[in-house]
Amino acid sequence: MAQNLQYFLIPFLQPEMMLLIWVGVFAGIWVGAIPGLSVTMAASLLISFTFSWDINSALALICGVFVGGVYGGAITAILINIPGAPAAIATAMDGYPLAQMGEAGKAIGLCTTVSVFASFVGIVVLAVAAPVIANFSLKFAPRDFFLLAVMGLLLIGSIGGGDPIKGITAGAVGVLLSMVGMDPSTGELRYTFGNLYLMAGISFVTAMIGLFGVSEALTQFRSSGMKSPKQNLDRIIPSWATFLKYLPLSLRSALLGVFIGALPGTGGDVAALLAYDQAKRSTKHPSRPFGKGALEGIIAPETANKGAIGGAFIPMLTLGIPGDAVTAIIIGALFIHGLKPGPMLMIETPHLFWMIVSCLSIASVALMVLGLISVKPFAKIIEIPKEIVMPVVIILSVIGTYAIQNSVVDIFYMIGFGIIGYFLRLYGYATGPMVLGLILGPMLDANYRRTMQGAENQILPFLQGFVTSPISLFLTLSIVFLLFSQTATYRRWRGLE
Amino acid sequence: MEESKEILAEGNAAEGAASLKDLSTFVPEAHRKPGELGIAAITFLIGALGYYFALDMTSGEYSSPSVFPKLASTVIMLCSAVNFFRAVKREKPEATAPSLARFLFPGDVVVVLCFLVVYCIALPKLHFVVSSFAFLALGMIYLQRGKHIVRALLVSAASLAVLVAVFRYLFLVILP
Amino acid sequence: MRKRHPNKYTNMKGMRRMKKLCVALLLLSVMTGSAIAAYPEKNPQGYIMWGAGGAMDNVARAITPIAQQHLGKTIILQNKTGATGAIATTFVANQPADGYSLLFGAENPNLYKVAGLSQIDYDQLDPVLLMMANVGVVVVAKDSPYKTYKDFIDAAMSGKTISVGSTGPGGLAFVATTMIEKIHGMKFNKIQFDGEGPCITALMGGHIDAVAVGLLAAANFIKSGSVRGLAMISTERIPGMDVPAVTEAYKEYGPYLPWGAFFGVFVRKETPKEAFDALQAAYLKAYEDPKFDEFAKSMGGVKLGLTGDKARAYIKQNQSVSAWLLYDAGGAKFSPADFGIPRPQSK
């Protein structure tokens with residue numbers, strides 16, 4: 001115990017590490033905020049950048065960037081309706097309307113506070129229950145990932161408001177588009193028509209930037225002469241009362257996030273979506289209707305994706321299996337520095353675990369401070385006249401898109417998606433579902449096929465699996481329940497109508 | 001409900017009925033929008049094409065690569081059909097509604113779209129900095145109707161400088 | 001009036017001459033500039049064909065920071081995944097042959113043609129340096145009923161359906177599994193995952209029965225006891241690993257070995273000599289650096305360090321073995337003979 005405490009104190013005793021964490025969080029916020037720049041990309045760059053550093057310093061910086069980066073995505077989501085990262089798509093749903101009503105400050109302030117809380121939840125779970133959760137997460141079969149993706153899909157019918165059928169249409173188009181390219185399993189070319197660029201598939205980040213960013217700009221231009229909403233910046237830091245009011249929701253979503261983050265291969269984005277869905281269905285009297293500035297609509301996804309940070313480290317530190325893309329890169333960093341990620345990591349280098357816990361904690365505190373300081377300047381951005389902001393937003397989208405794969409064709413795709421998104425929105429087809437379809441499509445397709453292959457392509461064993469495995473059974477029942485909870489009978493029963 | 005509609009109306013002095021609505025619950029409108037049938041037909045077509053091209057893919061097993069594309073295409077076709085019939089049942093667009101062209105492309109949007117198209121063409125030839133500066137400056141000047149030209153140029157230059165510096169030197173992204 | 005005309009005329013002519021001179025000077029300076037300017041003028045871009053955190057990615061990110069110090073310019077790395085590396089390979093092969101586009105590739109391109117994945121493979125690229133080799137190992141879960149390789153094969157032969165993991169057509173798992181199927185004359189149920197990492201994860205979760213992965217991915221898991229190594233797909237034991245070589249159980253594997261994966265840096269064939277030599281010198285120095293050595297040891301890889309003709313010969317031999325193996329076992333769409341790939345020389 002004392003030994004662990006000693007390890008925990010390492011960053012406190014090395015000023016260099018402390019500084020790096022704060023710098024990392026600051027840089028991470030910007031990276032996360034800029035659409036197209038992802039934490040994953042930044043982490044990859046950092047690995048090479050910190051190659052010659054001491055592993056402790058390198059990790060400190062990367063942890064900082066990770067925490068800051070996941071948070072940063074929400075900023076642009078709230079301010080200009082472009083999620084800086086897929087994990088913030090759900091946040092944009094309610095965050096942006098809030099900003100338009102002049103409450104960006106309140107939104108970001110609340111977001112920061114609950115984010116820090118959720119981050120600590122994730123860290124605590126990591127510190128206390130890592131091995132147990134890690135072993136449990138291994139039991140998730142491809143079938144269960146498929147079910148999770150289906151749960152994410154259910155969200156499609158309800159986000160962005162508007163006609164559910166239109167939402168499903170957009171979502172299905174998104175799924176269809178996600179199939180473009182080389183099938184990862186068989187190498188077969190789907191929908192490529194002999195075009196080299198299509199062979200690489202349609203990156204959903206490109207689509208996201210276009211569908212949210214450029215289409216937003218175009219939609220804004222329809223109503224010319226609009227004044228930018230004046231921001232009310234009185235109470236940015238939420239009162240204790242507010243915080244406590246939403247504590248159950250925060251805790252619930254954070255735990256959901258930790259768990260999803262702990263599942264190998266899935267991270268903050270899926271967690272945020274599921275949390276938003278869960279919040280929507282379980283909140284009887286939201287502060288405002290969902291999709292129109294409900295505070296719950298910001299709290300749920302943001303707590304989930306912060307919880308997922310701690311969660312992603314769980315399998316990584318205990319088993320050497322990455323919980324998400326960033327931890328996969330961190331594993332690479334450990335290798336490069338001569339360490340051995342895997343089950344032996346805790347045994348051979350025990351200080352690493354507690355040091356990372358400590359770095360993440362400090363990063364969360366840094367997030368609190370830096371986040372709250374920057375609320376006012378960020379919120380003021382909205383007050384800049386739209387005629388100036390929107391062109392800059394478009395150019396920012398262009399750079400962000402290019403930064404993904406250094407491909408000019410991506411820029412054309414992005415603008416194309418923007419135009420498509422503009423038309424879709426005119427007719428009431430929300431763009432969120434399309435991006436969701438693009439994200440979840442591959443997860444659905446691959447896991448469905450793995451499950452089918454596991455059942456040797458026979459229907460009966462395939463279906464049997466859903467009820468025989470306890471995890472699958474639980475998930476299947478949850479989905480059934482979720483579907484049922486949409487129907488009129490249920491709503492009457494619950495007194496929601 | 002009423003209160004929230006007010007807040008919306010305050011924040012958005014809307015001229016077109018199109019995109020600014022209470023988004024939390026779905027209240028079907030009485031009149032179609034111009035072109036609504038068209039878009040339902042287009043999405044149906046996308047679904048049909050998706051299915052058609054999926055026929056080329058390997059199939060046979062339940063786990064073939066063609067399964068999900070076909071599934072997604074079918075869903076698209078079904079939903080499009082529903083959308084189409086729902087739209088047909090509603091009444092024709094209001095007399096006061098704009099014509100299709102005006103609905104899709106109100107003033108500013110057309111101009112910005114043109115700028116975007118020109119930008120796409122210019123980008124490979126003139127490279128990033130020049131094209132983007134032109135886009136920014138011209139865009140701002142147009143949107144501000146010719147006022148504050150100097151401010152537009154300065155802001156364009158400044159923001160471009162910052163963006164280029166950050167991306168080129170910090171993130172090592174070589175701009176086109 | 002009269003005076004003006006001649007002046008104007010002379011001025012215009014003079015101006016035109018000046019303009020021509022300027023243009024000529026400009027062109028001259030540009031040309032000499034580009035001739036004088038040494039490689040590298042700008043940052044080379046490195047494309048890694050597999051995903052972040054994988055073995056290929058780790059090797060690339062371990063050696064490149066050292067190499068770029070010797071080269072003098074940062075090499076910007078990014079992962080361009082998809083289709084067992086075909087997307088990255090095709091991409092680099094379509095970039096200008098100026099030495100600014102590097103491919104960090106594994107052994108997969110050798111099988112693209114016979115698997116029908118792509119027409120572009122290492123024929124269009126030249127190896128700068130082959131860094132490491134990766135032996136395949138068959139692993140099962142730690143609580144698996146199969147204690148030895150023989151147990152495993154016996155169970156498979158008895159008609160029981162055994163599910164094994166695969167990383168896609170052309171991947172190490174796929175080829176190794178095909179080899180096993182062919183030698184013993186049975187079939188496994190293959191389930192595809194997104195890489196060796198996910199395969200091992202699925203194995204540990206009990207979702208597949210066995211998988212053949214590269215030693216680099218599995219070494220730590222075997223050593224810590226999270227998975228059990230049944231057989232090393234090689235003719236002799238690897239030092240430091242307590243797993244028997246597959247030939248100890250079944251001599252029939254002999255003719256196919258040695259075989260395995262490898263990791264290297266590649267550029268387009270037509271790359272100018274100056275650029276190629278600079279890159280090679282930088283990477284060779286990085287290869288010999290003690291930091292890289294330390295990395296290689298901790299990952300359990302076999303250092304190769306091959307360049308030039310030796311490297312090309314190694315790649316070709318690997319291709320012969322893999323392609324014919326796959327074809328003979330019925331796993332290939334096309335015959336290697338269609339592409340002029342010779343049968344492997346028997347040892």
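**Helix packing and chain contacts**

Colleague: Which residues in α15(A) meet which ones in α18(A)?

Modeller: Ile309(A), Gly310(A), Phe313(A) and Leu317(A) of α15(A) meet Phe353(A), Ile356(A) and Leu360(A) of α18(A). Two residues are in contact if their C-beta atoms, placed from the backbone, lie within 7 Å. Helices are DSSP runs of H or I with at least four residues, strands are runs of E with at least two, and both are numbered from the N terminus. This is a predicted model, where local features need pLDDT of at least 70 and side-chain atom pairs count only at pLDDT 80 or more, while totals for chains, interfaces and linings use all residues. Residues are numbered from 1 along each chain as its sequence is written, and chains are lettered from A and ligands numbered from 1 in the order in which they are written.

Colleague: What is that contact made of, by class?

Modeller: Six nonpolar residues, one polar and no charged ones. Here Ala, Val, Leu, Ile, Met, Phe, Trp, Tyr, Cys and Pro count as nonpolar, Asp, Glu, Lys and Arg as charged, and the others, Gly among them, as polar.

Colleague: And at roughly what angle do the axes of α15 and α18 of chain A cross?

Modeller: Roughly 170 degrees, and the axes come within 12 Å. The axes are lines fitted to C-alpha atoms, for helices over the stretch in contact, with angles from 0 to 180 degrees between N-to-C directions. α15(A) and α18(A) are therefore roughly antiparallel (over 145 degrees; under 35 is roughly parallel, 65 to 115 roughly perpendicular, the rest oblique).

Colleague: Switching to α6(A): how many of its residues are buried?

Modeller: 12 of 12, so α6(A) is largely enclosed by the rest of the structure. Buried means 20 or more other C-beta atoms within 10 Å of the residue's own, exposed means 12 or fewer, and partly exposed is in between, with C-beta atoms placed from the backbone. Among them are Met93(A), Asp94(A) and Tyr96(A). Just after α6(A) comes Gly102(A), with a positive phi near 90 degrees.

Colleague: How many residues does the contact take from chain A and from chain B?

Modeller: 61 from chain A and 65 from chain B. Helices of chain A supplying at least two residues each include α20 (386-405) and α22 (432-454). By class, the chain A side has 36 nonpolar, 13 polar and 12 charged residues.

Colleague: Last one: which domains does chain C have?

Modeller: Domain 1 (45-133 + 260-339) and domain 2 (136-256), with bounds from an automatic or database domain assignment. Their contact takes 23 residues from domain 1 of chain C and 20 from domain 2 of chain C.
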